[in-house]
Amino acid sequence: MKMLWSNPHGHLYIDVPGPDGKPVTWEIEFGGPSALYRRGWRKTDLPVGTEVTVQGFLAKDGTPTANANTVK
């Protein structure tokens with residue numbers, strides 16, 4: 001897992017088991033760093049190895065990308 005705090009959007013990269021059991025790296029898009037900070041996020045909130053559940057909107061092109069609504 002890797003979180004990029006970049007403008008104009010933050011991006012979270014997570015490995016998710018695919019149908020064959022091999023990991024597929026998903027790119028999850030967030031708001032910008034200042035918006036994340038205002039919502040209480042900090043760069044230390046997602047250390048490597050943290051298990052997350054993401055709710056959001058999948059990309060229409062079928063790629064493993066999504067726009068996040070919530071992350072737990």
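In the predicted model, glutamate 29 stands opposite asparagine 67, a residue of strand 5. This pair belongs to the contact between strand 3, which covers residues 23–29, and strand 5, which covers residues 65–71; strands 3 and 5 pair in the parallel sense, and three bridges are found between them.

On its other side, strand 3 is joined to strand 2 (residues 11–17) by seven bridges, with the two strands running antiparallel. Within this pairing, valine 16 has valine 24 of strand 3 as its bridge partner. Strands 2 and 3 together form a hairpin in which five residues lie between the strands, and in the turn glycine 21 adopts a positive phi of about 90 degrees.

Strand 5 is also paired with strand 4, the two being antiparallel and joined by five bridges. Here leucine 58 is placed opposite alanine 66 of strand 5, and strand 4 itself spans residues 54–58.

Taken as a whole, the arrangement is an open sheet of five strands in the order 1-2-3-5-4, with mixed pairing. Its edges are formed by strand 1, comprising residues 2–4, and by strand 4, each of which pairs on one side only. Neighbouring strands of the sheet are turned against each other by 40 degrees on average, with direction ignored. In general, the strands of a sheet pair through backbone hydrogen bonds, in either a parallel or an antiparallel manner; in the present sheet, the parallel sense is found between strands 3 and 5, whereas strands 2 and 3 run antiparallel, as do strands 4 and 5.

Technical notes:
Residues are numbered from 1 along each chain as its sequence is written. This is a predicted model: local features need pLDDT of at least 70, side-chain atom pairs count only at pLDDT 80 or more; totals for chains, interfaces and linings use all residues. Side-chain values use heavy atoms; hydrogens and water are left out. Two strands pair if DSSP finds at least two bridges between them. Helices (H or I, at least four residues) and strands (E, at least two) are DSSP runs, numbered from the N terminus. Axes are lines fitted to C-alpha atoms, for helices over the stretch in contact, and angles run from 0 to 180 degrees between N-to-C directions.
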